[in-house]
Amino acid sequence: MSSEQEWPPLRYSHANPAVCLPPADKDPRPTRLPSVSPDERQRRILEMFKMYDWFPLVFFPFKIIVLGTGMFFAIKWHHDRAKEEQAKKDNEANRR
């Protein structure tokens, strides 16, 4: 929008209650960020996407470790329960 055009007034929204009318003594137009060169904009975008470079390297090994540990203890628990049941059956068979 050019500086000559009027900005639409901010309105209260039930979906986003943070958007309200500004006080009467302030300019109703939202403040604009200073314009940046295309090179600076590209650098900022690349800076934001650096997170996407390291996230899989940290998340997937963590996920494998957590799920692997959970699977190990789940299998161990079932195996121990089967041993206990087998021991109970053997004790009952020996008593008879």
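## A salt-bridge tour, helix by helix

Start by selecting Lys 76 and Asp 80: the two form a salt bridge, with their closest N and O atoms 3.2 Å apart. Keep in mind as you click around that this is a predicted model.

Stay on that pair and show the backbone. Lys 76 and Asp 80 both sit in helix α2, which covers residues 50–95. They are four residues apart, about one turn of the helix. Now switch on a surface. Lys 76 is partly exposed, at 39% relative accessible area, and Asp 80 is partly exposed too, at 30%. Neither residue counts as buried, because that label needs a value under 20%.

Next, select the whole of α2, residues 50–95. How far does α2 reach from its first C-alpha to its last? Put a distance label on those two atoms: the span is 68 Å over 46 residues, close to the 68 Å expected at 1.5 Å a residue. Then look along the helix for Pro 56, where α2 bends by about 25 degrees.

Time to move to the other helix on this tour. Select residues 38–48, which make up α1, and show the side chains of Glu 40, Arg 43 and Arg 44. These three are linked in a network of salt bridges.

Take the network one contact at a time:

- Glu 40 with Arg 43: the side chains meet in a salt bridge, 2.7 Å from N to O. The two residues are three apart in α1, about one turn of the helix.
- Glu 40 with Arg 44: here the N to O distance of the salt bridge is 3.2 Å. This pair is four residues apart in α1, again about one turn of the helix.

So which residue should you centre the view on? Try Glu 40, since its side chain meets Arg 43 in one salt bridge and Arg 44 in another.

With the surface still on, are these side chains buried, exposed or in between? Glu 40 is partly exposed, with a relative accessible area of 24%. Arg 43 comes out at 43%, which also counts as partly exposed, and Arg 44 at 44% gets that label as well. Neither arginine reaches the exposed class, because that takes a value over 50%.

For a last view, zoom out and display every salt bridge together: the structure holds three.

Notes: Residues numbered from 1 in each chain as written. Predicted model: local features only at pLDDT ≥ 70, side-chain atom pairs only at ≥ 80, totals over all residues. Heavy atoms only, no water. Salt bridge = Lys/Arg side-chain N within 4 Å of Asp/Glu carboxyl O. Buried < 20%, exposed > 50% of the residue type's maximum accessible area, 1.4 Å probe, protein only. Expected span 1.5 Å × (residues − 1). Bend = angle between axes of the 7 residues up to and from the residue.
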